[in-house]
Amino acid sequence: MSENYCVIMAGGVGSRFWPASTAEKPKQFLDILGTGRTLLQQTFDRFTPIIKEENILVLTNENYKDLVQEQLPGLTPGQIICEPARRNTAPCILYAAVKIWKKNPEASFVVAPADHLITNTQEFNNAIHLGMNACKNDPTKSITLGIKPWHAATGFGYIKRGDISQEGVYQVEQFTEKPVLGVAKEMLKSENYYWNSGLFIWNTKRLMHLYEDLQPQMFKLFKDDLSAFNTPKEKEVLKILYPKCQDISVDYAILEQDNNVFVIPGDFGWSDLGSWSSLKDHVLSDDQDNTIIGSQHKLMKDSSNNIIVLPKEKRTLIAGLSNFIVVDTEESLLICPIEHEQDIKSYLKELKHQ
C-alpha cells in the first residue's frame, strides 16, 4: 500500500542570519519572526494536516539531534534522521529515500527545507495535495513546486514551464541557475518562469532508480549496505559511507538530468528567508519603515528603514540611524549597512580568523 511521507531538511548552518544564527543553533531552530514558534516548528505544523505525524521525518546533522527532539518532543527517535557529515542535498535525500523505501517501497514523499516561510497555508496545502496525487497517478514524475516571482531576483534558480499535462501541473522545459539581473528581468516579463522553491515530491522507488542511473557511484555506496538501514547497524555503516558521497545538490545531481520533471506553480507567500532584509516583507514596520523584532522598550528617533533585532528585555534608544541592520545577542553584535548585507558572510570569516 502506498503512503505519503514528508522529509524536513534541517541540517543547514544559516550563516547569513549571524549573529542570531550560529553553528551551534542555526536559524531553523530560531523564532526569527517573533511568532512564538521556530522555523522548524512552523514547517512541522504546516505538514501535520497533510501527512500523518508518524510519517514526518526530520533530516538533520547529528549535532542538532537534541535540538530537534527538544523543539518537536512528539517525534520518536526513528523520525530524526542524522547525517554524520554535511554533503549537500543529493546524499541526504537519497539517505531518506532508502529509509522510506525499506519501510514502504510504493511510498511517495515530499522534501521541504526547515527554514522557509509560507504565509498562505491553504494554498500551500492545495499544491502539496495536487503534487502527491499527481505522483500517485503517475509514479514516473518528479515534481517540484515553483514560486510565482514578484521581482527580478538574481539569488534564486528559475524553472521554465512547458505545456500543461494536467490541471495545474506543467512539464518543466528548462532549469536556469541564478541569472544576472538583465536575464532575470526578461524571465519576470515572460510569465513562464518560476523560482525554484526547493520543495520536491517523488515516488520513492522511482527516485532510487534515478540515483542508480544518474548518480551510480553514490547509489552503489548505499546499495552495498542496504541491509543495514533501519537496523542498529545503520549508524556505523553511515559513518563510513556518507563522507565518501559527493558534495552535490539534488538539483544538479538528479533534477536537471531527469527528463520527466513537472512543476506546480504556487503563490503561497513563500520566502526562503535568505537574509536579514527578507524580514521586511514579513514583519510589520513602524511609521519610519523600521522593522523591529524583540525589544519591548524602545525609542526610535529620526531613524528610518532599519532592521533591528534585540533581546526582548533590552531598553533601546536609536537616533539618527538609517538603512542599517542592527542585531544584538548575548554574545555578539552586528551593525551593518543594509547595502553591505551580502558581505556579512565574508566579514564573518574574517572575524573568525581573528
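Helix 6 and helix 7 are oblique to each other in this predicted model, because an angle counts as oblique when it falls outside the ranges for roughly parallel, roughly antiparallel and roughly perpendicular, and these two helices, residues 204-214 and residues 216-223, pack at an angle of about 120° with their axes 6 Å apart. On the side of helix 6 the contact is made by M208, Y211, E212, D213 and L214, and on the side of helix 7 by P216, M218, F219 and K223. Sorted by class, the residues of this contact comprise 6 nonpolar, no polar and 3 charged.

Helix 7 also meets helix 3 (residues 89-103), and here the axes come within 11 Å and cross at roughly 40°, which makes helix 3 oblique to helix 7. The crossing of helix 3 and helix 7 is right-handed. From helix 3, the residues A90, P91, L94, Y95 and V98 meet M218, F219 and F222 of helix 7, and this contact has 8 nonpolar residues, with no polar and no charged ones.

Turning from helices to strands, one finds an open sheet formed by 4 strands in the order 12-14-16-17, with mixed pairing. Its edges are strand 12 (291-293) and strand 17 (333-337), each of which pairs on one side only, and neighbouring strands of the sheet are turned against each other by 5° on average, direction ignored. At the edge formed by strand 12, 3 bridges join this strand to strand 14 (residues 307-309), and the two run parallel; within this pairing, I292 stands opposite I308 of strand 14.

Methods:
Residues numbered from 1 in each chain as written. Predicted model: local features only at pLDDT ≥ 70, side-chain atom pairs only at ≥ 80, totals over all residues. Heavy atoms only, no water. Pairing = 2+ DSSP bridges. Axes fitted to C-alpha atoms, helices over the stretch in contact; angles between N-to-C directions. Parallel < 35°, antiparallel > 145°, perpendicular 65-115°, else oblique. Contact = heavy atoms within 4.5 Å. Nonpolar A, V, L, I, M, F, W, Y, C, P; charged D, E, K, R; others polar. Left-handed = near helix turned anticlockwise from the far one by under 90°.
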